Amino acid sequence: GVAPGQQGGGFPVSGPDGDQTVVEVGGLVMPKPITWVWTTPTMQFRALQYAVPAIGVNSPAAELVFSVFAGGEGGPVEANVTRWANQFREGDGAAQAKRSVREVAGMKVHLIESVGAYMGMGAAAPRPGYMQLGAIVEAPGRNVFMKIVGPQATVESNRAAFEAMLAGMKAK
C-alpha cells in the first residue's frame, strides 16, 4: 500500500496523528469533530477513512470514506451519484435518493442522501436500516468523493457535523 499521508493524488492526507479537528484530503481542508476517529483505509481507492460513532443515540458506528480522482479518473460525477443511489434498495428497486447541488468556496458540490437496505461493494447481503450522506466535490483538476454510510440513527446524529464539514471546506 501507499504510505499514510501520501494517498489521494499526491495531496497530503490526514493521518492518525496531528490535528484531529480537521480533515485534509485531495487539496481540501475541512473541519471535523474529534469524535470521528481515523482508521486505516480498508479498500483500494480510499484515500482516507474515519469511524463515526453515534451522537446521543445507542447505535453502531458509521464509516466516512474519502476518495480522490484526478482529471477524469473515477468516471463522470453523475454516473457516480447514480451508482451510490443504486446501492440503497427499497423492496425490489432502488431507494428514493435526495439529490442537490450547491457551491462551496467556488467549487460545485453534488449531494446525495439515501435511506434503505445498503448493498455496498462486495456485500453478501443488503443491510437494512442504513443511510448515506454523500458529496462529490468538483475541485480544480480533480474530484473528491466523500460519504458517510452506516445505521440510520448514527448517520442522522452526525448530519449536522457532516454539513458543517462541507460548509467549512476550503481548497488549499
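Let's start with helix α1, and keep in mind that this is a predicted model. Which residues of α1 are buried? They are Val 77, Asn 80, Val 81, Trp 84 and Ala 85. Looking down the axis of α1, you'll find these buried residues within an arc of 140°, so they line one face of the helix. And what do they pack against? The partners of that buried set are β6 (88-90), β7 (93-94), β8 (98-104), β9 (107-118), β10 and β11.

Now, α1 leads us nicely to the largest pocket, as the helix is one of the elements that give two or more residues to its lining. The others are β5 (62-70), β10 (127-139) and β11 (142-151). The space in this pocket comes to about 580 Å³. There are 25 lining residues, and if you want to find the centre on your screen, the closest to it are Met 43, Arg 46, Val 65, Met 121 and Lys 147. Which element gives the most to the lining? That's β11, with six residues. For those of you thinking about chemistry, the lining splits into 14 nonpolar, six polar and five charged residues.

Last stop, friends: a small piece of sheet architecture. Three strands make an open sheet, ordered β1-β2-β12, with antiparallel pairing. At the edges sit β1 (22-25) and β12 (170-171), each of which pairs on one side only. Strand β2, residues 28-31, joins β12 through two bridges, again in the antiparallel sense. If you'd like a spot to zoom in on, Leu 28 stands opposite Ala 171 of β12.

Technical notes
Residues are numbered from 1 along each chain as its sequence is written. This is a predicted model: local features need pLDDT of at least 70, side-chain atom pairs count only at pLDDT 80 or more; totals for chains, interfaces and linings use all residues. Side-chain values use heavy atoms; hydrogens and water are left out. On a 1 Å grid over the protein atoms alone, a cavity is a set of points where a 1.4 Å probe fits but cannot get out, and a pocket is an open set with protein on both sides within 12 Å along at least five of seven lines; lining residues have an atom within 4 Å of a point. Grid points are joined across faces, edges and corners, and a volume is the space filled by probe spheres set on the points. Helices (H or I, at least four residues) and strands (E, at least two) are DSSP runs, numbered from the N terminus. Ala, Val, Leu, Ile, Met, Phe, Trp, Tyr, Cys and Pro count as nonpolar, Asp, Glu, Lys and Arg as charged, and the others, Gly among them, as polar. Two strands pair if DSSP finds at least two bridges between them. Buried means under 20% relative accessible area, exposed over 50%, partly exposed in between (1.4 Å probe, protein chains only). The arc is that of the directions from the helix axis to the C-beta atoms. Contact means heavy atoms within 4.5 Å.
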